[in-house]
Each structure stands twice: as structure tokens, then as C-alpha cells.
Amino acid sequence: MATPTKVVAVEEITKDFQESSAAVLTEYRGLTVAQLKKLRRALGQDNTFSVVKNSLAAIAAKEAGVDAFDGQLAGPTAIAFIKGDAVAAAKSLTDFAKENKQLVIKTGYFEGKALDANEVAALAALESRELQLAKVAGVLKAPMAAVARVLDALCVKLEEESGAPAAASEAPAAEAPAEAAAEEN
């Protein structure tokens, strides 16, 4: 029979699964409390790294519709619930796992798709969202910049053919009223 504390724990884990765009299942055997604290800081404020009881996590994953962790919930288990940038969080996890061999990335899911450890590493190898958006903006800006250069070159060519720059032809018109005022005095 389920105790009230276990029911609450399952509800919290289920809520974390539902609110997350991604989650990574890890084994943390041998990590110290200080190392876990460092990992939580590396993940950032939008993400959580929770040590979970396997049976409760299995029930919560089932309730949330996540089947990526079937058969993987064994041993000391912690789940990184990623609510922010999945690429940055995966990068933080893989970097931490490289520095601390005790952290083992088992599996994960991203936007409803199950990922194995290699796919989590591939997700971490992607460029950040900001960099990808900057590249798209650069691609979209390039045609406009090319049009601006062509128009500028056309203006320069027309100025050369007419013999005087367009800006210089406006300057004498502005000086004319000043000369007329000087002649009147």
C-alpha cells in the first residue's frame, strides 16, 4: 500500500517529467555531496538534478508517458530534468562526466524521443541555440547587404558619370541663400 509521502514523491517526479523538455538518467555512485552540488550549479537554474528512488521514478515516468527509462532504473539513480536549453544542459552533464568518471550517463529523452548515452553526447556536441539563431540571422541578412552594396556601387557609378557627387550638388544650393544675404548687407 502506498504511503502518503510516496504518493507525493511520485506526483513531484511526474510533474518534473511533464514540465521538462528533456531528461537524462544518470548513475552517480561514488560522487561526493560537493561534486553533486557542483553539477547542480553547472546545470543552471532552469534545470534540476534529483536523486530518485527507482521504483518511484518508474511509476512517475509511466504516469508521465515517458518510456525511455524502461529497464534502466537500477542502482543509485539521479535524473537531470531539463526545462531550459537542452543542448547546454547536455553539454554540462557530459563535461562533468568527463571530469568525474563516477557519473555515468545511462539514457535520456528529448521532446518525447528516447536517447541512448551516445545520442545524449551528440546532443551536447550541437551548437547553442543562440549561436544557431545568429547564423540564421546572418544568412537572412546576407541578401539585403548584397542589395545595399549593389545600390551603393550604382550610386557611385552614376556620380562618376555625371561628374559631381550627389552630396556636392546639394551643397551649393545651401550656400546660395547665405551668399544672397551677404550681398544685401
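**An aromatic cluster between helix α1 and the sheet**

F17 is buried, with a relative accessible area of 2%. In this predicted model, that residue is a good place to start, as F17, F81 and Y109 form one aromatic cluster.

The structure holds two aromatic pairs. In one of them, the ring centres of F17 and F81 are 5.1 Å apart and the planes stand at 85°, so this pair is edge-to-face. F17 belongs to helix α1 (residues 4-19) and F81 to strand β3 (residues 77-82), so their pairing ties together parts that are 64 residues apart in sequence. F81 is buried as well, with a relative accessible area of 0%. The other pair joins F17 to Y109: here the centres are 6.3 Å apart and the planes lie at 40°, so the pair is tilted. Since Y109 sits in strand β4 (residues 104-110) and F17 in α1, this contact ties together parts that are 92 residues apart in sequence. Y109 is buried too, with a relative accessible area of 7%.

The helix that carries F17 comes next. With 16 residues, α1 reaches 23 Å from its first C-alpha to its last, close to the 22 Å expected at 1.5 Å a residue. Its buried residues are V10, I13, T14, D16 and F17. Seen down the axis of α1, these fall within an arc of 155°, so they line one face of the helix. A general property of helices helps in reading this pattern: an α-helix has 3.6 residues a turn, so residues three or four places apart point the same way. P4, T5 and Q18, on the other side of α1, are exposed. The cover over the buried residues of α1 includes β1 (22-27), β2 (48-52), α3 (54-64), β3 and β4.

Several of these elements are strands of one sheet. The sheet is open and has five strands in the order β2-β3-β1-β4-β5, with antiparallel pairing. At its edges are β2 and β5 (113-116), each of which pairs on one side only. From one strand to the next, the twist averages 20°. Within the sheet, β1 and β3 run antiparallel and are joined by six bridges; E27, for instance, has T77 in β3 as its bridge partner.

Helix and sheet can now be viewed together. α1 lies across β1, β2, β3 and β4, and runs at about 45° to β3. β3 is also the strand that holds F81, the partner of F17, while β4 holds Y109.

Conventions
Residues are numbered from 1 along each chain as its sequence is written. This is a predicted model: local features need pLDDT of at least 70, side-chain atom pairs count only at pLDDT 80 or more; totals for chains, interfaces and linings use all residues. Side-chain values use heavy atoms; hydrogens and water are left out. Rings of Phe, Tyr and Trp (its six-membered ring) pair if their centres lie within 6.5 Å; planes under 30 degrees apart count as stacked, over 60 as edge-to-face and the rest as tilted. Helices (H or I, at least four residues) and strands (E, at least two) are DSSP runs, numbered from the N terminus. Buried means under 20% relative accessible area, exposed over 50%, partly exposed in between (1.4 Å probe, protein chains only). The expected span of a helix is 1.5 Å times one less than its number of residues. The arc is that of the directions from the helix axis to the C-beta atoms. Contact means heavy atoms within 4.5 Å. Two strands pair if DSSP finds at least two bridges between them. Axes are lines fitted to C-alpha atoms, for helices over the stretch in contact, and angles run from 0 to 180 degrees between N-to-C directions.
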